[in-house]
Amino acid sequence: MGIIQEENIFLHQSLSTQKEAFEFLARQTVALGISADEQQVYQKLVARENEGTTGMMDGFAIPHAKDQSIKEPSILIVTLDQGIEWNSMDGQRINFVIALFIPDSEAGTTHLKLLSAVARLLMRNEVTEQLKVAQTKTEIATLLNEKIGENE
């Protein structure tokens, strides 16, 4: 079983701002039992974004939060019906969010490994193209778990 779980993938969400996306992600971390503190997770997402954009290239963003309320390293994926403004590196709107949630205790290790694995994947055209055409949670989870596995 890989780090990407199908129940952590939310397809075709109609969020219209980065703030709504962060609120949605924070809400889901509590609903899924990843964190016990929705407000704290939201604050960490915003604080990290204020340090510099997590909007990458080609419609992808990788926001992340480290907090003591987070129980285990987790990744949530959200696809958006319409792209939202994210101040991304290439100026494009974001429609694919891969969010990382890391316990404070693993901030220097797991966090960096996961972040670099995901960032490297998003630099590979064949991966981003496959993600964009994936229609199901299973397709997305299988693709990312395989590709992250290749990088380890």
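What do the buried residues of H2 pack against? Keep that in mind while you get your bearings; the tour gets there shortly. One caveat before you start clicking: this is a predicted model.

**The whole chain**

Start with everything shown as a cartoon. You should be able to pick out five helices and five strands. Walking along the sequence, the order is β-α-α-β-β-β-β-α-α-α. Along the principal axes, the C-alpha atoms fill a box of roughly 35 × 35 × 25 Å. The radius of gyration is 14 Å, which agrees with the value near 15 Å that a compact globule of 152 residues would have.

Now switch on a surface. About 7,400 Å² is exposed, and carbon and sulfur atoms supply 49% of that area. Of the 152 residues, 47% are buried. If you like contact maps, count the contacts with a separation of 6 or more: 68% of them link residues 24 or more positions apart.

**Stop one: helix H2**

Select residues 38-51, which form H2. The helix has 14 residues and spans 20 Å from its first C-alpha to its last, close to the 20 Å expected at 1.5 Å a residue. Show side chains for Val41, Tyr42, Leu45 and Glu49, the buried residues of H2. Look down the helix axis and these buried residues fall within an arc of 100 degrees, so they line one face of the helix. Here is the answer to the opening question: they pack against helix H1 (18-31), strand E3 (64-67) and E5. Swing round to the other side of H2 and you find Asn50 and Glu51, both exposed.

Before leaving, zoom in on the start of H2. There, a side-chain oxygen of aspartate 37 comes within 3.3 Å of the backbone nitrogen of glutamine 39.

**Stop two: a pair of positive phi angles**

As a rule, most residues other than glycine have a negative phi. Two residues are worth a look with that in mind.

- Aspartate 58 sits in the loop between H2 and strand E2 (60-61). Its phi is positive, about 65 degrees, although it is not a glycine. This aspartate is partly exposed, with a relative accessible area of 25%.
- Asparagine 87 belongs to the loop joining strand E4 (74-84) and strand E5 (94-103). Its phi is also positive, at about 60 degrees, and again the residue is not a glycine. Asparagine 87 is exposed, at 56% relative accessible area.

**Stop three: two glutamines**

Select glutamine 13 in strand E1 (residues 9-13). A polar atom of its side chain lies 3.2 Å from the backbone oxygen of leucine 11. Leaving aside residues up to four places away in sequence, glutamine 13 touches Phe24, Val78, Thr79, Leu80 and Asp81.

Then jump to glutamine 135, in the loop between helix H4 (125-133) and helix H5 (137-151). Is glutamine 135 buried or exposed? Its relative accessible area is 54%; exposed means over 50%, so this residue counts as exposed. Its side chain has a polar atom 3.1 Å from the backbone oxygen of valine 133. For a final distance, pick the C-alpha atoms of glutamine 135 and isoleucine 62: the two residues are 73 apart along the chain, and those atoms are separated by 20 Å.

Notes
Residues numbered from 1 in each chain as written. Predicted model: local features only at pLDDT ≥ 70, side-chain atom pairs only at ≥ 80, totals over all residues. Heavy atoms only, no water. Helix = DSSP H or I, 4+ residues; strand = E, 2+ residues; numbered from the N terminus. Buried < 20%, exposed > 50% of the residue type's maximum accessible area, 1.4 Å probe, protein only. Polar contact = N/O pair within 3.5 Å; in protein donor to acceptor, adjacent residues only side chain to side chain. Expected span 1.5 Å × (residues − 1). Arc of directions from axis to C-beta. Contact = heavy atoms within 4.5 Å. Rg over C-alpha atoms; globule rule 2.2 N^0.38 Å. Areas by Shrake-Rupley, 256 points an atom, 1.4 Å probe, with all protein chains shown as cover.
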